[in-house]
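Trainee: I want to test some labels against their cut-offs. Can we go through them one at a time?

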There are 4 protein chains.
Amino acid sequence: MLDASASGVYVIAPTPFHDDGRVDERSIDRMTDFFLSAGCTGITVLGMMGEAPKLDAEEALSVASQVIRRATVPVVVGVSAPGFAAMRSLARGVMDRGAAGVMIAPPSSLKTDDQIVTYYANAVEAIGADVPFVVQDYPLSIGVVMTPGVIRRIVQDNPSAVMLKHEDWPGLEKITTLRGFEADGSMRHISILCGNGGMFLDFETERGADGAMTGYAFPDMLVDVVRLARAGERDEAHDLFDAHLPYMRYEQQPGAGLAVRKYVLQRRGIIASSALRKPGGSVSAKARAEVDYLLERLARHDPRAGRPIG
Amino acid sequence: MLDASASGVYVIAPTPFHDDGRVDERSIDRMTDFFLSAGCTGITVLGMMGEAPKLDAEEALSVASQVIRRATVPVVVGVSAPGFAAMRSLARGVMDRGAAGVMIAPPSSLKTDDQIVTYYANAVEAIGADVPFVVQDYPLSIGVVMTPGVIRRIVQDNPSAVMLKHEDWPGLEKITTLRGFEADGSMRHISILCGNGGMFLDFETERGADGAMTGYAFPDMLVDVVRLARAGERDEAHDLFDAHLPYMRYEQQPGAGLAVRKYVLQRRGIIASSALRKPGGSVSAKARAEVDYLLERLARHDPRAGRPIG
Amino acid sequence: MLDASASGVYVIAPTPFHDDGRVDERSIDRMTDFFLSAGCTGITVLGMMGEAPKLDAEEALSVASQVIRRATVPVVVGVSAPGFAAMRSLARGVMDRGAAGVMIAPPSSLKTDDQIVTYYANAVEAIGADVPFVVQDYPLSIGVVMTPGVIRRIVQDNPSAVMLKHEDWPGLEKITTLRGFEADGSMRHISILCGNGGMFLDFETERGADGAMTGYAFPDMLVDVVRLARAGERDEAHDLFDAHLPYMRYEQQPGAGLAVRKYVLQRRGIIASSALRKPGGSVSAKARAEVDYLLERLARHDPRAGRPIG
Amino acid sequence: MLDASASGVYVIAPTPFHDDGRVDERSIDRMTDFFLSAGCTGITVLGMMGEAPKLDAEEALSVASQVIRRATVPVVVGVSAPGFAAMRSLARGVMDRGAAGVMIAPPSSLKTDDQIVTYYANAVEAIGADVPFVVQDYPLSIGVVMTPGVIRRIVQDNPSAVMLKHEDWPGLEKITTLRGFEADGSMRHISILCGNGGMFLDFETERGADGAMTGYAFPDMLVDVVRLARAGERDEAHDLFDAHLPYMRYEQQPGAGLAVRKYVLQRRGIIASSALRKPGGSVSAKARAEVDYLLERLARHDPRAGRPIG
């Protein structure tokens, strides 16, 4: 079961599709194996970058179950839904099948501090107080802004809140403030794993984050950066990170980025097709050439960019 | 099957719950029977006012099926969903069970004209071009603004688009513009049924709407207004409408209104409990007294406000 | 100077323009005189319905000054601005010329409770703590939701906050909650005047509001309703209000409503032209006929709807 | 006068303030001189990053005038305003004082394609068809999404539209599409200068952009990148760009970034104080240390990061 001691890299898994839009089970296994071999300490499925809203209820449960069965690390499942009944169905379903916990993003309709706090209270009531959950804080995409004080209220009100998926942007001061709440005793400790495609992972770890929960096409690099940062190898961590940044930035483009990421995962031999389900973009010929150029440059520093895995 | 000749009142059905949040099947039947006796020409289930997002996939199909089985008029089912797979599952499910058509609202993430048009093209591909559908145009709640030109593009691109649920606000000029498109031959005829709690039904029918698709607690009054307007009894239509307006306005308060509506439906003996599923409001003692006062005043003009049905 | 004892009707004044878009000074005087004769206890200029953002800095000061000079009742001036320097310039300018206070709406960019509270603290610092101000709470138009708790924080933090322009929608429970804060001693008393075109004025006064601050084309009716309500003539207040509601609702259409209001003010002989500055709508022939029909019906109950003033 | 042949780097100038919030005229001169010496081909003042909304009308005109007087390159002035009267006042004022053109962003209230096109038509009517203007396309911040087709309509409808400040994100395909419109003859040529802090400048020039219009603290680097790209020194352009990216990304954090930029401009000796006007952030001690570390690393590749100018 997921708890507040979680750290390392919980990679956000994409959902592999065939070119015709069907779920590609074989690629799910191959991808899961790759994540394990890359040193990921956890896997998160059915996040936004997993195209979760494009799956129907049955498919969602099926994809999550397959990863849970194969993985030897904790699996977190995104259960954000338009209503609590659907959230409950999926949460109970995946917990029964061995998920370590679930992740809940606030719906974009929430406005005030109290509405956000109440939403999480209702969500916990719906899924059960025994299910560990991750608070997803992603204002850039969702439009809901949670102050550190609101996060503290959610954590203090709900013992099953064990982790923050931190992707406020900018967010470095937020990590510092939250760790300060822990230091002054006003908030119990939670795990903080960072998103935003890893774009600030170099400093997030230095600010007190426990690692990353994001879907960058090189989770093996994220693992290395977290390891180097923990080992106090600051310059080495930044050197590796900086080498990846030109491509990482390219992958982090909202909307377009997921198609780029899947293209690179396919290029690396991790999934069979780069297809997104509709509605979803594709990578133009020009963009593909740009990515290839970026990876070629990256390969001079990190050979993993130059060749397929395995 | 729903087609562009639909008219009258397609009442938006609430989903009756027990006080503890379970679906109340007995009230579904009673309510369906009432709608039929009230002269409704159609019933729409699983709309926003039907608390559709609060049901899980199984419940949604079950509620819709029950109404379809009992009703002797066309039943339209709201199938708006975060993704096309879930939309398709529900749409095929209810069509198999005898629904007359489905209703699709655009997701609030859509911004440009082209995005809206493409969304409906994708939706039609997902549910099948053989399924008649209603375009829900509800910018006040959803935030997506469809110009008359965009609606025309959707209609012209998709033969299965047969009806507009018109609830832009203000919207009178929009009806006039759309009917003008039909007159100048640039758009084929569609049915236009109006929402917004009926707040402008008196003039909407005069502008060319075919009736109402809304959930006012007195659908029997909506039926009368549409009938009087068609019969050319303009002053009588307005007299009846105006008598209802003080309460109607009260029911039309966003958020709070659904609890008021359910309170009055319960008061009228149509459903057993006024409970909403979480998250959802309730009617305070003060509000209840205000509603009672409004209905008492209304009963002087329309005796239906003073006593339970049956 | 405006203080927390303010009550009655602070009418929101439109800005009269000539057909070519120039400010119409003669109509400003005529309108001001009408407001005084109608029994308004205050006048608010440069609100949203005063097309304030369409005036440049010089025009804004000039329009406000003219009303202040002529009026024998307190004048409140809207000073909402994209930044504090412009807000300060206008606020100091109009206070120097005899305004009773200013009105400040939160910018739509504000998200969290703390951001809203901080915004008002900064605004007070900018305009000076000696300038009485009105908090405009208008989420339907602005998108910023202030909980009762946030309003309390603003009131308690800033002694110069003396009034709430209440136009949350729905908002009846909010009035009750705020008056409850006063009763339990957690918030000092403020004046609450209600907006939203008067659509709920009948109950707002019963919930504890001190009157209206809105721009309905019949402020003389608003004055009567407030007077009747205070005198305990509940049924009479509602009878008058209900007679106006069919037209009032028509005028309250977002966007389109201001053109309707100006058309009726012109019809009543209060302003010379119904023109709005660009960007702004106009009243179509069909709409004009609908308004005329509504006023004709209204005139059977309230003769003021049938003939020009004076 | 600005025309469609503009290229190079039009740096977005911040507005330098003293620590107490007053405009710092001496720093304006020093900064202007630096921009000229850095090889900027133009200067843009009163953009969002120039804290334009925080200036009152008089200050805005004064700041713009000072830069115009001193600069020997074209000066573009941001004139976005809540209304057309204020926009016109500022636009005519700065053009009279020698500005080369103005920049206009759409207000966030615009929704449909037609609304955006109409807005620019009205803006041109307000400022005069003789004033060259830049269309600012910045959906990430403003929330208004302009399709390439909408931009084409604006360009074709208004001969005075001469430049696009491109900061859609992602935006590479948009440049390609717009240049494609020019190639197929459906749109006349305009200048495209790119924003977003320069985060994609390396590829934007390759896609057909004419340069940058952004406020990165090292405009001298932007000048070099544009020059290298034009000279066909692709690898060298990317090498320089990539060296800056770790810091550039840090500066590009919404909200927080401007304080960082001003800190670095101060560190470089270009402005005297890093102060922002309220409301505005500051750079925490931790953030300052992070920036210093990034610049130290950058200085190994680009000595300009290590020492003050002059």
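Mentor: We take chain A as a whole, then one glutamate in chain C.
Mentor: This is a predicted model; local features need pLDDT of at least 70, side-chain atom pairs count only at pLDDT 80 or more, and totals for chains, interfaces and linings use all residues. Residues are numbered from 1 along each chain, chains are lettered from A, and side-chain values use heavy atoms, without hydrogens and water.

Trainee: How do you know that the radius of gyration of chain A agrees with a compact globule?
Mentor: The radius is taken over C-alpha atoms, and the rule is 2.2 Å times the number of residues to the power 0.38. For 310 residues that is near 19 Å; chain A has 18 Å, so the two agree. The C-alpha trace spans about 50 × 45 × 35 Å along its principal axes.

Trainee: Why is C:E290 called buried?
Mentor: Buried means under 20% relative accessible area, exposed over 50%, partly exposed in between (1.4 Å probe, protein chains only). C:E290 has 5% relative accessibility, so it counts as buried. In chain A, buried residues make up 64% of the 310.

Trainee: What makes the pairing of C:E290 with C:Y250 a polar contact?
Mentor: The term needs a pair of N or O atoms within 3.5 Å; within protein, one must be able to donate a hydrogen and the other to accept it. The two side chains make theirs at 2.4 Å.

Trainee: Which residues is C:E290 in contact with, leaving aside neighbours within four places in sequence?
Mentor: Contact means heavy atoms within 4.5 Å. On that basis, the partners are B:L172, B:F203, B:R207 and C:Y250.
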